[in-house]
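Trainee: Could you take me through one part of this structure up close? I'd like to see how a single residue sits in its surroundings, and then how that part fits into the whole chain.

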Amino acid sequence: MKDQSDFVVNSSEQMAKLLDSGKSNRVVGCTEMNKDSSRSHCVFTIIIEASQAQDDEQNNITRGKLNLVDLAGSERQSKTHAQGDRLTEAKSINQSLSCLGNVISALVDGKSQHIPYRNSKLTRILQDSLGGNTKTIMIANLGPACYNYDETISTLR
């Protein structure tokens, strides 16, 4: 994935510094709807491994993974008046959010023979967090204004 970096850390302080560094690299731009609009998704993955020595001198390794994901919002071009780079970014954001919605729909359906994880980089990265033996929590940021009704309904769906 573009601009992906992997680090080994040994303290929560080191991890906090990396999170701050990642946040500073986040692409933000101005649109008609939001002067500080996220123009990219951000995925911060924490993999924790713990080993425990067994009686037979073999290590038993337990592994856990936590994905912290901040998705860029879907904005309608008719409201943002995006052009050039902002329009290209919006198309890419909307495409990946649509792919994520398709994966979630296929998982919820239960009858789907195929889950379309490979349709976007985002869904490939999050594949092991969306299906199988996982716990997933999603928090949606919704605009209460009537003006944002369509975007709110789209986010909830």
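Mentor: Let's start with one serine, then move to a strand pair, the cysteines and the chain as a whole. Keep in mind that this is a predicted model.

The residue I'd pick is Ser129, which belongs to helix α5, a stretch covering residues 127–130. Is Ser129 buried or exposed? Its relative accessibility is 17%, and because the cut-off for buried is under 20%, Ser129 counts as buried. As for its company, if you skip the neighbours within four places in sequence, Ser129 touches Asn67, Thr134 and Thr136. Asn67 deserves a second look: its side chain and that of Ser129 are joined by a polar contact of 2.7 Å.

Follow Asn67 and you land in a strand, since β4 spans residues 59–70. The partner of β4 is β3, residues 42–53, and the two run antiparallel with 12 bridges between them. To pick out one pairing, Ser51 sits opposite Ile61 of β4. Five residues lie between the strands of this hairpin, and Glu57 has a positive phi there, near 65°.

Now go to the start of β3, at residue 42, for a quick word on cysteines. Cys42 has a relative accessible area of 21%, so it is classed as partly exposed. Cys99, by contrast, comes out at 4% relative accessibility and is therefore buried. If you were hoping for a disulfide, the structure has zero of them.

Stepping back, how many helices and strands does the chain have? There are six helices and four strands, and in sequence order they read α-β-β-β-β-α-α-α-α-α. Of the chain's 157 residues, 22% are buried, Ser129 being one of the buried residues. Taking contacts with a separation of 6 or more, 48% are between residues 24 or more positions apart. On the outside, the chain exposes about 12,100 Å², with carbon and sulfur atoms supplying 48% of that area.

And how far does the predictor trust all this? Mean pLDDT for the chain is 82, with 85% of residues at 70 or more. Element by element, helix α4 (residues 121–125) has the highest mean, 92, while helix α2 (residues 77–80) has the lowest, 64. So I'd read α2 with that value in mind, because pLDDT is the predictor's confidence in each residue.

Technical notes: Residues are numbered from 1 along each chain as its sequence is written. This is a predicted model: local features need pLDDT of at least 70, side-chain atom pairs count only at pLDDT 80 or more; totals for chains, interfaces and linings use all residues. Side-chain values use heavy atoms; hydrogens and water are left out. pLDDT is the predictor's confidence in each residue, from 0 to 100. Two strands pair if DSSP finds at least two bridges between them. A disulfide is a pair of cysteine sulfur atoms within 2.5 Å. Buried means under 20% relative accessible area, exposed over 50%, partly exposed in between (1.4 Å probe, protein chains only). Contact means heavy atoms within 4.5 Å. Accessible areas come from the Shrake-Rupley method with a 1.4 Å probe; for residues, only the protein chains shown count as cover. A polar contact is a pair of N or O atoms within 3.5 Å; within protein, one must be able to donate a hydrogen and the other to accept it, and residues adjacent in sequence count only if both atoms are side-chain atoms.
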